[in-house]
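I sat down with a new model today and kept notes as I went. Here is what I looked up, in the order I looked.

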Amino acid sequence: MQLHPMWDNYPNLQIDLQDVLTTIEKNVQIRDKQVEQNVKALIHAGGKLLRPAYAMLAAQIGPDNNRDRAIAVAAALEVLHMATLIHDDVVDDAPTRRGIETIHSKYGRNYAVYTGDYLFCICFKILSSHADSVSTIEFNSKSIEKILMGELDQMRTRYDLQVTVRQYLSRISGKTAQLFALSTYSGALQSKATRFQTRNAWNVGHYLGMAFQIIDDVLDYTSSNDGLGKPVLNDVKQGVYTLPLIYAMQGNAQLFHPLLEKGLDMTDADLKELLELITKYNGVDKAFALANKYTKKALKEIKKLPAGEYRDQMYELTASILERDI
């Protein structure tokens, strides 16, 4: 199984993540071999596996470092992430993901929805067989609810020309940061870390997730289709207005509205003009500065964790978030 080359510098994590993918694949057993093939293709589609990686690192915070249990928790989290991606692509009508055709584009929306639903089942199947208690499953189910509420908030604010920075941050807190926080928290929790340590771990994931999503949204305005692995500016045409645009519109809304009101009918010339306006009014720079603040908060929380190689690796990975270009 080929992992993203970023893990070449972390040989121990590389082995762990290989085992995470193996665990997921072993649990995907479907009568419909077409669905099974699609799910397994998604497993090996080249994702960076950041969430399971952070779960594995956080599993070393406490005194009970049970690797098999940590692998199972990390696998469940990655399956949950995959399920949300499939449903997100259906809602956004995105034609590609990670450079390959999305399931709904290839086989239809109904097919994709049921595939995503199946992955939710696999997530709980893996989790229930390794969770220490019903309270752990309950916590994870509440977190999933918050993730889905973030997606619903995004749908509710589509084409809302009055969307605010506060609304955007609330949206990504549920949509993205919640799953990162769940990853670090779950890893720490199953290692029998203290309540203070699990809270630190949660904060690391939350701040990391906020920075990650903001950078992802910045890249939508600064990358090529090939470099990002998905269509750039697809969000804005779908009415999903992210931080660079929201910042740029502050005090200048009248310049943006005529373009945004075209929605899916925006031409390449319209998009070019939009990009020029966002650059002129420093939307990308302001968004990047906020991502930097969240990254620094995450690094501060990491320093509070017990010393060890895992902490050094977590710090290094988190610091690199601002430098990513894919």
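The entries below go from the whole chain to its cores, one helix and the cysteines.

**Entry 1: the whole chain.** I reminded myself that this is a predicted model. I counted secondary structure and found 16 helices and two strands in the protein chain. Then I checked burial: 56% of the 326 residues count as buried. The exposed surface comes to about 14,700 Å², with 51% of it supplied by carbon and sulfur atoms. I also looked at contacts between residues at least 6 apart in sequence, and 72% of these join residues at least 24 apart.

**Entry 2: the cores.** Which residues touch the most other members of the largest nonpolar core? I found W7, L13, I61, L119 and M314, out of 63 residues in that core. Helix α4 (residues 67-92) gives the most to this core, 14 residues. Domain 1 (1-137) and domain 2 (139-325) each provide at least three residues to this core. I picked L13 for a closer look and set aside its neighbours within four places in sequence. What remains in contact with L13 is W7, A53, M56, L57, Q313 and L317. There is also a second, separate core of 39 residues, and V163, Y168, V218 and A248 are among them.

**Entry 3: helix α16.** Two of the L13 contacts, Q313 and L317, sent me to α16 (residues 309-319), where Y310, Q313, M314, L317 and T318 are buried. Where do these buried residues sit around the axis? They cover an arc of only 130°, so they lie on the same side of α16. I noted the general rule to go with this: an α-helix has 3.6 residues a turn, so residues three or four places apart point the same way. The face of α16 turned away from the buried side carries E309 and D312, which are exposed. Next I asked which helices the buried residues of α16 pack against. My list reads α1 (11-27), α3 (50-58), α9 (195-222) and α15 (283-303).

**Entry 4: the cysteines.** How many disulfides does the structure hold? I found zero. C121 is in no disulfide, and the nearest cysteine sulfur, that of C123, is 9.6 Å away. A disulfide here needs the two sulfur atoms within 2.5 Å, so I could not call that a pair. C123 is likewise in no disulfide, with the sulfur of C121 as its nearest at 9.6 Å. Are these two buried or exposed? C121 is exposed, at 52% relative accessible area, while C123 counts as buried at 4% relative accessibility.

Technical notes. Residues are numbered from 1 along each chain as its sequence is written. This is a predicted model: local features need pLDDT of at least 70, side-chain atom pairs count only at pLDDT 80 or more; totals for chains, interfaces and linings use all residues. Side-chain values use heavy atoms; hydrogens and water are left out. A nonpolar core is a set of buried Ala, Val, Leu, Ile, Met, Phe, Trp, Tyr and Cys residues joined through side-chain atoms within 4.5 Å. Buried means under 20% relative accessible area, exposed over 50%, partly exposed in between (1.4 Å probe, protein chains only). Helices (H or I, at least four residues) and strands (E, at least two) are DSSP runs, numbered from the N terminus. Domain bounds come from an automatic or database domain assignment. Contact means heavy atoms within 4.5 Å. Accessible areas come from the Shrake-Rupley method with a 1.4 Å probe; for residues, only the protein chains shown count as cover. The arc is that of the directions from the helix axis to the C-beta atoms.
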